[in-house]
Amino acid sequence: MNKEIIAKRYALALFQIATEKQLLDQLEEEIRAVWQVFAENDKFLSLLTYPKLSLEKKKTLIKETFAAVSSPLRNTLLLLLERHRIDIVPQLAEQFILLVNEARGVAEATAYSARPLTEEEKRALSDVFAKKMGKTTLHIENIVDPSLIGGVKLRVGNRIYDGSISGKLERIQRQLIG
């Protein structure tokens with residue numbers, strides 16, 4: 001079975017538990033931290049999937065590493081470990097965050113700009129484009145790309161809104177050629 005499908009099932013179960021116990025904010029923060037641990041430490045995942053290390057030692061490692069996280073998340077990690085699916089943690093985290101964002105009417109966005117955007121500029125982008133997307137707000141990650149010359153290129157899901165100068169120049173070039 002596809003890792004993403006499996007991750008969606010676990011994420012949905014964790015989301016339902018978080019909703020029932022009113023731990024949505026806490027679990028979102030914790031799962032982002034867990035995701036970061038897995039993303040930054042390839043050797044950690046290698047150790048958890050190493051066949052010669054006993055399951056009990058792996059469980060102890062999970063319990064010690066994630067001692068500060070809530071029991072629903074820690075139990076989910078232990079369950080994934082027992083079922084030899086610990087490698088889907090990044091996909092599970094991504095799916096969980098999507099569920100949380102959907103419940104809150106929030107979308108993740110990436111803004112590419114020639115210079116770093118101020119918080120006020122991010123807020124203005126969020127206000128304008130959230131309405132277009134039918135969301136209440138956008139969480140905007142800013143990536144500086146000097147090749148844009150000026151303006152902003154915004155990516156929300158699989159949609160791209162290109163208001164950059166380089167994008168405009170490319171469109172003018174295509175019109176002149178075509």
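This report walks through the strands, helices and aromatic rings of a predicted model.

**The sheet**

A good place to start is the open sheet, which has four strands in the order 2-1-3-4 and mixed pairing. Its edges are formed by strand 2 and strand 4, each of which pairs on one side only. On average, and ignoring direction, neighbouring strands of this sheet are turned by 20 degrees against each other.

Let us look at one pair of strands in more detail. Strand 1 (residues 106-113) runs parallel to strand 2 (residues 137-144), and eight bridges join the two. Within this pairing, Thr 110 stands opposite Glu 141 of strand 2. To get from strand 1 to strand 2, the chain passes through helix 7, and this β-α-β crossover is right-handed.

**Two helices side by side**

Next come helix 4 (residues 55-65) and helix 5 (residues 71-82), whose axes come within 10 Å and cross at roughly 155 degrees. How are these two helices oriented to each other, roughly parallel or roughly antiparallel? Angles over 145 degrees count as roughly antiparallel, and helix 4 and helix 5 are therefore described that way. Their crossing is right-handed.

**Aromatic pairs**

Now for the rings. A pair of aromatic rings is described by the distance of the centres and the angle of the planes. How many aromatic pairs does the structure hold? There are five, and two of them are set out here:

| Pair | Centre to centre | Angle between planes | Kind |
|---|---|---|---|
| Phe 15 and Phe 96 | 6.3 Å | 70 degrees | edge-to-face |
| Phe 129 and Tyr 161 | 4.9 Å | 50 degrees | tilted |

The pair of Phe 15 and Phe 96 links distant parts of the chain: Phe 15 sits in helix 1 (residues 3-20) and Phe 96 in helix 6 (residues 89-104), 81 residues apart. Both Phe 15 and Phe 96 are buried.

The pair of Phe 129 and Tyr 161 brings us back to elements met above. Phe 129 belongs to helix 7 (residues 119-133) and Tyr 161 to strand 4 (residues 159-162), so this pair ties together parts that are 32 residues apart in sequence. Are these two residues buried or partly exposed? Buried means under 20% relative accessible area. Phe 129 counts as buried because its relative accessibility is 13%, whereas Tyr 161, with a relative accessible area of 22%, is partly exposed.

Elsewhere, Phe 38, Phe 44 and Phe 66 are linked by ring pairs into a cluster.

How values were computed
Residues numbered from 1 in each chain as written. Predicted model: local features only at pLDDT ≥ 70, side-chain atom pairs only at ≥ 80, totals over all residues. Heavy atoms only, no water. Phe/Tyr/Trp six-rings, centres within 6.5 Å; stacked < 30°, edge-to-face > 60°. Buried < 20%, exposed > 50% of the residue type's maximum accessible area, 1.4 Å probe, protein only. Pairing = 2+ DSSP bridges. Right-handed = clockwise from strand over helix to strand, strands pointing away. Axes fitted to C-alpha atoms, helices over the stretch in contact; angles between N-to-C directions. Parallel < 35°, antiparallel > 145°, perpendicular 65-115°, else oblique. Left-handed = near helix turned anticlockwise from the far one by under 90°.
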